[in-house]
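These are my notebook entries on a single protein chain. I set down what I looked up, entry by entry.

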Amino acid sequence: MISANGVTYRVGKKALFEDVNIKFTEGNCYGIIGANGAGKSTFLKILSGQLDTTNGHIAITPGQRLSFLEQDQEKYNDQNVLDTVMQGNARLFEIMAEKDALYAKEDFSDEDGIRASELETEFAEMNGWEAESDAESLLNGLGIETEYHYQMMADMPGALKVKVLLARALFGNPDILLLDEPTNHLDLDAIAWLEDFLIDYENCVIVVSHDRYFLNKVCTYIADIDYGKITLYAGNYDFWYESSQLMIRQMKEANKKKEEKIKELKEFISRFAANASKSKQATSRKRALEKIELDEIKPSSRKYPYIDFRPNREIGNEVLTVSHISKTVGGVKVLDDVSFVMGHDDKIAFVGSQELAKTTLFEILMGNLEPDEGSYKWGVTTSQSYFKKDNTELFDSDMDITQWLTGYSEIKDVTYVRGFLGRMLFPGEDGVKKVRILSGGEKVRCQLSSMMISGANCLIFDEPTNPLDMESISALNDGMIKFPGVELIACRDHQVIQTTANRIIEILPNGKIIDKVSSYDDYLAADADARKRTVYVAAVEAEDFSEDEE
């Protein structure tokens, strides 16, 4: 369907891709993954023709139509919604426009009749008579009601424009479909519809996404970008992760056995090389030794931090009681008579789109804000550690990383503190970096280090995954699952919530809450309105060719 043949792409002296050869075929959905900066979005732009290769070329089966998700929300402001969608199939829209122009002519000639007949034939072959209803069906599926279909794009809210551009990319059953972060700014209902659409899609789909849950649902292959090469793996993201880790373990195990054999042979040679009766055996072992080759285990460009939250003391039965808390921010009542009791086994996810309300509640519980009404009480056995979404103040300091983290540790020993930094991908020399100059991802890793070293038995997370790459998100997810204490979590990553939380509290637009003991998926399955109320926003990755890790 579409292939990259010997593709190299350079940005200055840096080769983002080097001699890439890969083929994407019909009936499969390929998830493009790689460390931040690996070039996922850039590769998609190369496939779509938006970027030229430095060397090599992209080949598409003749006659195949390629469609991609556009990112410029203002590009079609002078058109109505339905036309914007149908223009996704440019040839079909050209035929429609030419037909309309011909039939509008007052002096309709025989030549015009012949041309009109040709156009009608091509129009019918492209299912043109169903075009408008197909476009409306896509819009409805994504949650854009019929009343919006003839509105001008300029008058559409931003969240709906994103959906229109997605419908445009999907329109007309393209042979090759390229999607860059298609779930961004979609409500969960629209994401579920898109997942079903792609699962049933019979042509070729290539998608870049930070949403592991989405990749697991739709992908039949994973295309992994590492060291400027792209390797294909059958299966979804979780299958890729498990199999890639297994391959590394197997190679290490095989090398260990080879190293033992080499040691054994070397010992025999050194013991018997001077012994005439054993010299023949020593010579044969020398030849055997020369033939043993260790597999080169090239370390991945990915780096997985080790995240392990260990509480210093076990939590008691009385954890947290919240009683009738209300708070108005900027004239809007974001919390209205909020009450709940947290048990010693609870991991509560606060969901819904009211991010300010979640942050406000967490700030109140940490004593940083006063409620307008109501109160809260922590149990005497609890100790809290808080991941702040806005960490600006935390890093407004001239301290280096080691000094900064020591402030959160009961043990002030530098070696002890640097052990925590090492787990979070700050090697020894990084310990003297000033916290003020850290990147967004580095600051988040520092915050997580402070939570680990604190020994708290109650962890509060306010959007911890936003600036992280997928490797760090996976490590954080594992750490949150294993943590034996209690957690209050606000997080945009569906998989983190689904695998960690055993209780869901949704904060509604009016400041009230819905409180259910349930997994996230079960909660959403039971409440269609909850799926519409929740909008997914992925972290924005830095430019692919940036040196920065964000």
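**Entry 1: helix α13**

I began with helix α13, residues 414–423, where I found Val417, Phe420 and Leu421 buried. I then looked at how these three are placed around the axis: they span an arc of only 100°, which means that they lie on the same side of α13. The general geometry agrees, because an α-helix has 3.6 residues a turn and residues three or four places apart therefore point the same way. I next looked up the partners of this side and noted that the buried residues of α13 pack against α12 and α14. I note here that the model is a predicted one.

I also examined both ends of the helix. At the N-terminal end, Asp413 acts as a cap, with a side-chain oxygen 3.3 Å from the backbone nitrogen of Thr415. Just after α13, I recorded a positive phi of about 70° for Leu425.

**Entry 2: Ser450**

I turned to Ser450, which belongs to helix α14, residues 440–454. Is Ser450 buried or exposed? I classed Ser450 as buried because its relative accessible area is 7%, below the 20% cut-off. I looked for a polar partner and found that the Ser450 side chain reaches the backbone oxygen of Gln447, at 2.6 Å. Setting aside neighbours within four places in sequence, I listed Ser385, Trp404, Leu405 and Tyr408 as contacts of Ser450.

**Entry 3: Asp398**

I located Asp398 in the loop that runs between β15 (384–387) and α12 (401–406). Asp398 counts as exposed because its relative accessibility is 58%, and the cut-off for exposed is over 50%. Which residues does Asp398 touch, not counting those up to four places away in sequence? I found Lys434 and Arg436. The side chains of Asp398 and Arg436 are joined by a polar contact of 3.0 Å. I also checked Val435, which is 37 residues from Asp398 in sequence, and read a C-alpha to C-alpha distance of 6.9 Å.

**Entry 4: a three-stranded sheet**

I traced an open sheet of three strands in the order β12-β11-β14, with antiparallel pairing. Its edge strands are β12 (332–342) and β14 (373–378), each of which pairs on one side only. On average, neighbouring strands of this sheet are turned by 20° against each other, direction ignored. I then looked for what packs on the sheet and found helix α11, residues 355–365, which touches β11, β12 and β14. The direction of α11 makes about 55° with that of β12.

How many bridges join β11 to β12? I recorded seven between strand β11 (residues 320–329) and β12, the two running antiparallel. Within this pairing, I saw Val329 opposite Val332 of β12.

**Entry 5: nonpolar cores**

I looked up the largest nonpolar core, which has 93 residues. Leu179, Phe309, Leu448 and Phe461 touch the most other members. Helix α6 (residues 158–170) gives the most to this core, with eight residues. I followed Leu179 further: not counting residues up to four places away in sequence, its contacts include Leu44, Leu69, Leu166 and Ala169. I also noted Leu198 and the run Val205, Ile206, Val207 and Val208 among the residues that Leu179 touches. Apart from the largest core lies another of 26 residues, among them Val322, Leu335, Phe362 and Ile364.

Methods
Residues numbered from 1 in each chain as written. Predicted model: local features only at pLDDT ≥ 70, side-chain atom pairs only at ≥ 80, totals over all residues. Heavy atoms only, no water. Helix = DSSP H or I, 4+ residues; strand = E, 2+ residues; numbered from the N terminus. Buried < 20%, exposed > 50% of the residue type's maximum accessible area, 1.4 Å probe, protein only. Polar contact = N/O pair within 3.5 Å; in protein donor to acceptor, adjacent residues only side chain to side chain. Contact = heavy atoms within 4.5 Å. Arc of directions from axis to C-beta. Pairing = 2+ DSSP bridges. Axes fitted to C-alpha atoms, helices over the stretch in contact; angles between N-to-C directions. Core = buried A, V, L, I, M, F, W, Y, C linked by side-chain atoms within 4.5 Å.
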